[in-house]
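User: I've got a structure here and a few questions about how its parts fit together. Can you walk me through it?

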There are 2 protein chains.
Amino acid sequence: MKHDGYAVPAKVTSAEVAERAGVSRSAVSRVFTPGASVSKKTAEKVRRAASELGYRPNVLARSLLTGRSRIIGLVVAYLNNHFYPTALEALSNALQARGYHVMVFMASQTAGNVDDVLEEILDYQVDGLVMASVAMSSELTARCRASGVPVVLFNRRQDDDRQSSVTSDNYSGGRTVAEFLLAGGHQRIAHIAGWQGASTALEREAGFLEGLRAGGAELWAREVGDFDASRAQASARAMFGGAERPDAVFVSNDFMAFHVMDVLRSEMGLRVPEDVSVVGFDDVATAAWGGYDLTTVRQDTDAMVAETVRTILSAVEDPGVAPEQVLLPTRLVVRGSARVPGG
Amino acid sequence: MKHDGYAVPAKVTSAEVAERAGVSRSAVSRVFTPGASVSKKTAEKVRRAASELGYRPNVLARSLLTGRSRIIGLVVAYLNNHFYPTALEALSNALQARGYHVMVFMASQTAGNVDDVLEEILDYQVDGLVMASVAMSSELTARCRASGVPVVLFNRRQDDDRQSSVTSDNYSGGRTVAEFLLAGGHQRIAHIAGWQGASTALEREAGFLEGLRAGGAELWAREVGDFDASRAQASARAMFGGAERPDAVFVSNDFMAFHVMDVLRSEMGLRVPEDVSVVGFDDVATAAWGGYDLTTVRQDTDAMVAETVRTILSAVEDPGVAPEQVLLPTRLVVRGSARVPGG
DNA sequence: GTGAAAGCGCTAACAC
DNA sequence: GTGTTAGCGCTTTCAC
């Protein structure tokens with residue numbers, strides 16, 4: 001069905017601006033190229049003509065010539081964990097401020113696997129790639145390297161030190177939780193682990209176990225929640241369904257911790273922290289809300305994003321730069337979901 | 001600092017594939033163009049050469065010629081309301097499945113205003129634009145129309161019926177809440193409104209008021225929370241700080257409702273729903289969590305996204321198509337945060 | 001069905 | 001400082 005159509009505009013080209021301003025297309029181009037040398041008068045004429053015509057340079061055409069698209073691809077697996085939207089927002093803002101833009105690729109189950117997604121990304125000639133909590137096979141990593149597109153892993157890392165990454169110090173974060181729970185006098189300390197394919201999950205647990213060991217304790221129970229809501233709940237049921245139950249549980253991220261708390265309080269009739277202490281990891285906004293008031297390990301999202309932007313852009317702008325593995329400090333944020341030492 | 005650099009690869013062009021396959025560049029192009037006519041044999045040769053060389057067509061170069069970038073711009077204001085990440089994920093998935101990709105533009109305070117953002121978007125020659133909860137001045141709308149890029153408003157609408165939009169039926173949703181609260185026997189019914197520049201906020205409130213009026217009641221108190229966490233809390237304090245207080249409050253979205261509940265329970269020492277009933281709007285995932293168990297009006301995100309994709313792509317693929325204002329039904333999801341009729 | 005030629009909108013040498 | 005020329009990688013008439 002046709003409507004009474006408003007004129008669909010011709011796109012304005014630099015040639016038209018050039019003609020109107022009485023200069024060459026190169027002159028127009030130079031006016032819109034930050035570092036170029038143009039006389040004040042020419043610039044003035046061109047700007048006037050451009051604004052009269054509503055001209056703006058076509059970024060895509062420019063890309064073809066310069067080989068730089070000023071597009072950064074962001075591959076992200078799950079947005080239901082609020083840690084990622086927060087990061088996405090910060091990332092997009094930071095890149096926008098530096099003249100880049102973010103193209104999002106979901107690597108979820110529903111929309112093809114990471115391999116296909118990766119091909120599509122490269123088709124857009126992205127200047128760089130941020131992989132947010134996406135497992136990269138070494139094969140995939142190699143393919144990216146082969147395509148010449150710099151890749152930074154966000155909140156994941158790999159053994160391969162040719163792969164840039166930005167993570168928090170998950171190990172020491174986990175260790176801190178152990179020390180905190182031991183100091184709080186807990187006797188039966190349990191862990192609900194994240195997805196075992198994720199470096200974050202493994203490191204948080206490793207640090208936690210080391211912390212227990214150093215304090216002369218050992219893990220009382222363990223389940224795997226895979227960073228998934230229903231598996232986290234299932235883990236909680238399994239862990240707390242027996243006659244004896246933990247008096248503290250470290251859950252590998254906040255998202256799972258919320259679901260675990262729900263099961264403990266609603267289904268098990270337990271009080272948090274009186275009957276059981278719960279500690280999470282991430283410090284997403286919801287952790288501070290009254291409904292959960294979750295003691296957790298804070299990841300400094302802003303710092304992570306800032307480092308990610310720095311790392312990816314330095315690789316984009318200087319292809320010879322060495323890969324970096326950035327590790328950022330975490331800190332424990334004590335709230336009401338866990339008994340405190342001396343409390 | 002230089003590292004021991006892995007060869008940065010030459011980008012493979014269609015010319016190279018053509019040469020290796022012993023055909024022309026046109027032939028290569030046709031093999032990668034869905035509807036084109038190529039002989040089986042040529043196709044075979046080309047595909048082999050392409051895969052040996054690791055060739056994939058450059059989408060940007062293609063765009064220059066076809067005038068279609070297969071990029072959809074998504075402008076989004078706040079990602080802290082979990083309604084939007086959810087929508088973003090669904091939108092990205094749906095578009096990905098149809099061969100389009102999403103470029104995200106944050107229209108937050110930190111990164112310039114909507115005007116600037118809009119220019120940047122158009123520079124990328126996006127095929128279409130989805131504005132998620134972004135207020136569009138009619139001036140802005142006009143500019144987009146002038147640039148020939150179709151725009152769909154997501155979760156917002158305008159009086160101008162030349163502007164496509166996809167929203168829920170916020171009016172009837174608000175009305176339903178009024179009926180529900182009246183049926184529950186509430187006497188002093190209040191409202192915490194959303195940002196008054198948003199159609200959603202106005203329509204929810206208008207429907208709510210109409211529902212009260214139709215039931216012979218009137219609004220007992222009103223504050224404006226602006227869809228903002230701290231202003232919502234301030235509203236709650238103002239509203240419940242007096243000697244007499246509401247026995248029910250309809251909050252214009254879930255995000256604010258969570259913060260309101262926190263204030264009521266932690267600061268005011270009120271029980272929900274025994275002392276006061278709280279109803280939200282959106283039905284984000286958190287509403288179902290035990291910490292809030294919020295009675296709310298569900299927006300069908302999947303349907304909204306599906307309609308958005310349909311609307312924008314139909315406009316992209318047929319520039320003559322008429323604008324559409326899609327209105328989707330909502331339904332009340334009854335949980336534990338409000339006293340129920342006969343309960 | 002296939003190749004040759006033209007050109008999308010732009011920038012980067014290169015002369016002047 | 002400015003214009004001329006060439007060409008980024010691709011698709012698309014147009015002849016054959």
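User: Which helices of chain A and chain B each supply at least two residues of the surface near DNA strand D, and which one gives the largest share?

Analyst: Keep in mind that this is a predicted model. From chain A, helix 2 (25-31), helix 3 (40-53) and helix 4 (59-66) each put in at least two residues, and chain B does so with helix 2 (25-31) and helix 4 (59-66). The largest share is five residues, and it comes from helix 4 of chain B.

User: How many residues surround DNA strand D, and how many of them are charged?

Analyst: In total, 28 residues surround the strand, with A:A27, A:S39, B:S14, B:S26 and B:S29 the closest. By class, ten are nonpolar and twelve polar, which leaves the charged ones at six.

User: Which helix of chain B gives the largest share of the side that touches chain A?

Analyst: The contact takes in 59 residues of chain B and 59 residues of chain A. On the chain B side, helix 4, helix 5 (83-97), strand 2 (101-106), helix 6 (114-123), helix 7 (138-147) and helix 11 (254-267) each supply at least two residues. The largest share, seven residues, belongs to helix 5 of chain B.

User: What is the bridge partner of A:V102 in strand 2 of chain B?

Analyst: Strand 2 of chain A (residues 101-106) and strand 2 of chain B run antiparallel, joined by three bridges. For A:V102, the partner is B:V104.

User: Where in chain A is the pLDDT below 50?

Analyst: Chain A has a mean pLDDT of 92, and 96% of its residues reach 70 or more. The stretch below 50 has seven contacts in the model beyond near neighbours in sequence, and it covers residues 1-6.

Notes
Residues are numbered from 1 along each chain as its sequence is written. Chains are lettered from A and ligands numbered from 1 in the order in which they are written. This is a predicted model: local features need pLDDT of at least 70, side-chain atom pairs count only at pLDDT 80 or more; totals for chains, interfaces and linings use all residues. A residue is near a molecule or strand if its C-beta atom, placed from the backbone, lies within 6 Å of it. Helices (H or I, at least four residues) and strands (E, at least two) are DSSP runs, numbered from the N terminus. Ala, Val, Leu, Ile, Met, Phe, Trp, Tyr, Cys and Pro count as nonpolar, Asp, Glu, Lys and Arg as charged, and the others, Gly among them, as polar. pLDDT is the predictor's confidence in each residue, from 0 to 100. Two residues are in contact if their C-beta atoms, placed from the backbone, lie within 7 Å. Two strands pair if DSSP finds at least two bridges between them.
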